[in-house]
Amino acid sequence: MSPTSDLEAVASHPHAITDPKRVPAQRYYSAEFARLEKEKLWPHVWQVACRLEDIPETGDYIEYEINNESVLVVRESEDSIKAYYNACRHRATALGNGAGTFHGGQIVCPYHGWRWNLDGSNSYVYASQRGFTPACLDKENLRLRECQVGTWGGMVFINMDPQAPPLEQYLGGIKKVLDPIGFDRMRVRWWRHVILPCNWKMAQEAFLEAYHVMQAHPSLAMGAADDDYDLDAFAGDFECFDEGHAHMRPSTSGELPVKGMTKAEYFVQYNNALYFGTDAFTTEREMFIQQGLLDKDIPDDEFPAKFFEALYEYAQGAGIPLPPPVTNTTGYGHIFPNLTFLPGYGTNIIYRSRPNGDDPENCVFEVWAVQIPGAEAGEPERPEREGPIPVDQWPQIFQEDFQNVIGQQKGVRGSGVDDLMMSGPYEAMIINSHRTIDRHLGGK
Ligand code: FES
Ligand SMILES: [Fe+2]
């Protein structure tokens with residue numbers, strides 16, 4: 001399906017897209033538009049609330065916040081996870097903050113000591129007989145209110161809409177693209193966040209296209225500019241799905257994006273740029289293998305193939321269940337509304353962008369570095385979220401992206417633009433995402 005050809009103009013809400021190549025600027029700063037998203041988008045979509053590793057043991061919980069909602073994701077048992085609105089049924093006190101464990105299988109309100117079992121049923125009301133009417137004490141009335149929960153790929157998704165179709169149906173076509181990547185085998189290496197002074201969509205969109213690489217990331221473009229950098233040799237075509245998800249297939253041209261470089265030079269420099277720029281896409285494991293090959297006299301053209309050979313040999317020895325190379329599946333992609341991923345060598349960089357409270361010009365942007373561990377690794381620690389980390393303390397490549405979206409937010413709310421122009425071939429994932437937002441906001 002083309003991301004733009006069947007766009008239905010939805011004029012029923014403010015700042016709707018009527019021309020698929022133009023995104024109205026107000027969508028990034030209007031309080032009215034943010035309010036519509038809060039009412040019609042966020043409560044009805046499946047969104048990643050946490051990773052399974054965040055709640056490894058029965059009773060473990062982690063808090064997920066979106067707009068003014070706080071939801072506690074709780075491990076009820078080895079094979080059951082629940083998500084509860086974080087409010088006591090007595091006088092609304094939050095039952096958990098951040099992350100922790102409900103010991104003894106009891107969720108206890110810190111204010112007057114009411115309690116719940118991990119399945120959300122109430123187990124105790126202090127001085128209940130004299131204190132409350134039978135209607136108040138009705139079992140159903142006392143239950144913690146809950147969200148739907150689904151799991152996929154090592155992640156826990158929630159949906160606040162009890163009528164929403166199941167997660168599997170929601171993921172639709174993108175699931176088939178992502179399943180071979182082995183998300184479910186990956187574990188967190190690091191998890192960091194930043195508060196960015198821009199709309200949540202704007203932050204995300206820096207990771208939904210490769211069109212900016214030539215100008216914004218000199219280390220990834222090897223310093224080549226304009227006609228010396230062949231974007232079509234770097235980025236392939238986009239596959240967009242009705243649910244708003246999309247991904248980019250890697251280019252199959254066999255050409256290198258940068259003229260005048262050998263295959264080995266490009267491959268090694270690209271890995272280096274992403275190792276020193278992220279320590280997530282390329283990690284120490286691949287750098288070790290790459291160095292081993294560089295010490296040998298391998299013909300330039302054969303270097304990438306030899307690298308993969310050595311990588312899979314190493315993985316076999318270390319008991320690392322590596323998936324097939326991602327070059328056969330996807331370059332990067334998007335799970336609507338707010339998760340983006342960049343797969344590497346049994347690694348992945350996962351981004352989550354969401355509004356920071358109700359401010360349309362502020363967002364929480366998180367990055368997880370995940371990797372398939374070796375057989376001897378054992379169960380990792382519960383991941384700790386670092387930050388907020390100031391923009392200038394992130395690795396260079398992230399700083400380049402963050403500075404761009406901060407600058408973009410500055411421009412978008414002024415009089416210099418009415419709308420943002422989109423490239424059909426290169427910015428298709430952004431268009432697809434906006435089109436899906438409009439479907440939610442227009443009630444379609
Ligand atoms: S507010 Fe929770 S027990 Fe009173
Ligand atoms: Fe970027």
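The following paragraphs describe selected helices, aromatic pairs, buried residues and backbone features of a predicted model.

Helix H11 covers residues 396-412 and comprises 17 residues. From its first C-alpha to its last, H11 reaches 24 Å, close to the 24 Å expected at 1.5 Å a residue. Its buried residues are Ile397, Phe398, Gln399, Glu400, Asp401, Phe402, Val405, Gln409 and Val412. An α-helix has 3.6 residues a turn, so residues three or four places apart point the same way. In the later part of H11, Val405, Gln409 and Val412 are among the buried residues.

A second element of interest is the packing of two helices. Two packed helices are described by the angle between their axes and the distance between the axes. Helix H1 (residues 31-41) packs against helix H12 (residues 428-441) at an angle of about 70°, and the two axes are 9 Å apart. Angles of 65 to 115 degrees count as roughly perpendicular, and H1 and H12 are therefore roughly perpendicular to each other. On the side of H1, the residues that meet H12 are Phe33, Leu36, Glu37, Lys40 and Leu41. Their counterparts in H12 are Ile437, Asp438, His440 and Leu441. Classified by residue type, this contact contains five nonpolar, one polar and three charged residues.

Two buried residues of helix H5 were examined together with a residue of H12. Lys201 lies in helix H5, and Met202 is also found in helix H5, which spans residues 200-205. Lys201 has a relative accessible area of 1% and is therefore buried. Met202 has a relative accessibility of 0% and so counts as buried. Apart from residues up to four places away in sequence, Lys201 touches Arg27, Tyr28, Phe33, Glu37, His434 and Ile437. Of these residues, Phe33 and Glu37 in H1, together with Ile437 in H12, also take part in the contact between H1 and H12. The contacts of Met202, with neighbours within four places in sequence left aside, are Tyr28, Val405, Gln408, Gln409 and Val412. Val405, Gln409 and Val412 are buried residues of H11. In space, Met202 and Thr58 are 37 Å apart, C-alpha to C-alpha, with a separation of 144 residues in sequence. For Lys201 and Pro257, the C-alpha atoms are 28 Å apart and the sequence separation is 56 residues.

His434 is found in helix H12. With 0% relative accessibility, His434 counts as buried, because buried means under 20%. Beyond its neighbours within four places in sequence, His434 is in contact with Ile17, Val23, Arg27, Tyr28, Lys201 and Glu205. Tyr28 thus appears in the contacts of His434, of Lys201 and of Met202.

Aromatic residues provide a further set of contacts. The structure holds 31 aromatic pairs. A pair of aromatic rings is described by the distance of the centres and the angle of the planes. The ring centres of Phe267 and Phe303 are 6.2 Å apart and their planes lie at 65°, so this pair is edge-to-face. The pair links distant parts of the chain, with Phe267 in helix H8 (residues 263-278) and Phe303 in helix H10 (residues 303-318), 36 residues apart. Both Phe267 and Phe303 are buried. Tyr270 and Phe281 form another edge-to-face pair, with 6.2 Å from centre to centre and 85° between the planes. Tyr270 lies in helix H8, and Phe281 lies 11 residues away in the loop between H8 and helix H9 (284-294). Tyr270 and Phe281 are both buried. These four residues belong to one aromatic cluster, which also includes Tyr229, Phe234, Tyr266, Phe307, Phe308 and Tyr345.

The backbone shows several notable features in loops. A cis peptide bond, with omega of about 5°, joins Phe336 and Pro337. Pro337 is placed in the loop between strand E15 (332-335) and strand E16 (339-343). Another cis peptide bond runs from Gly387 to Pro388, with omega near 10°. Pro388 lies in the loop between strand E18 (359-371) and H11.

Positive phi values occur at two residues that are not glycine. Ala92 has a phi of about 75° and lies in the loop between strand E5 (80-85) and strand E6 (99-101). At 48% relative accessibility, Ala92 counts as partly exposed. Asp279 has a phi near 50° and is placed in the loop between H8 and H9. The relative accessibility of Asp279 is 26%, so Asp279 counts as partly exposed.

How values were computed:
Residues are numbered from 1 along each chain as its sequence is written. Chains are lettered from A and ligands numbered from 1 in the order in which they are written. This is a predicted model: local features need pLDDT of at least 70, side-chain atom pairs count only at pLDDT 80 or more; totals for chains, interfaces and linings use all residues. Side-chain values use heavy atoms; hydrogens and water are left out. Helices (H or I, at least four residues) and strands (E, at least two) are DSSP runs, numbered from the N terminus. The expected span of a helix is 1.5 Å times one less than its number of residues. Buried means under 20% relative accessible area, exposed over 50%, partly exposed in between (1.4 Å probe, protein chains only). Axes are lines fitted to C-alpha atoms, for helices over the stretch in contact, and angles run from 0 to 180 degrees between N-to-C directions. Angles under 35 degrees count as roughly parallel, over 145 as roughly antiparallel, 65 to 115 as roughly perpendicular and the rest as oblique. Contact means heavy atoms within 4.5 Å. Ala, Val, Leu, Ile, Met, Phe, Trp, Tyr, Cys and Pro count as nonpolar, Asp, Glu, Lys and Arg as charged, and the others, Gly among them, as polar. Rings of Phe, Tyr and Trp (its six-membered ring) pair if their centres lie within 6.5 Å; planes under 30 degrees apart count as stacked, over 60 as edge-to-face and the rest as tilted.
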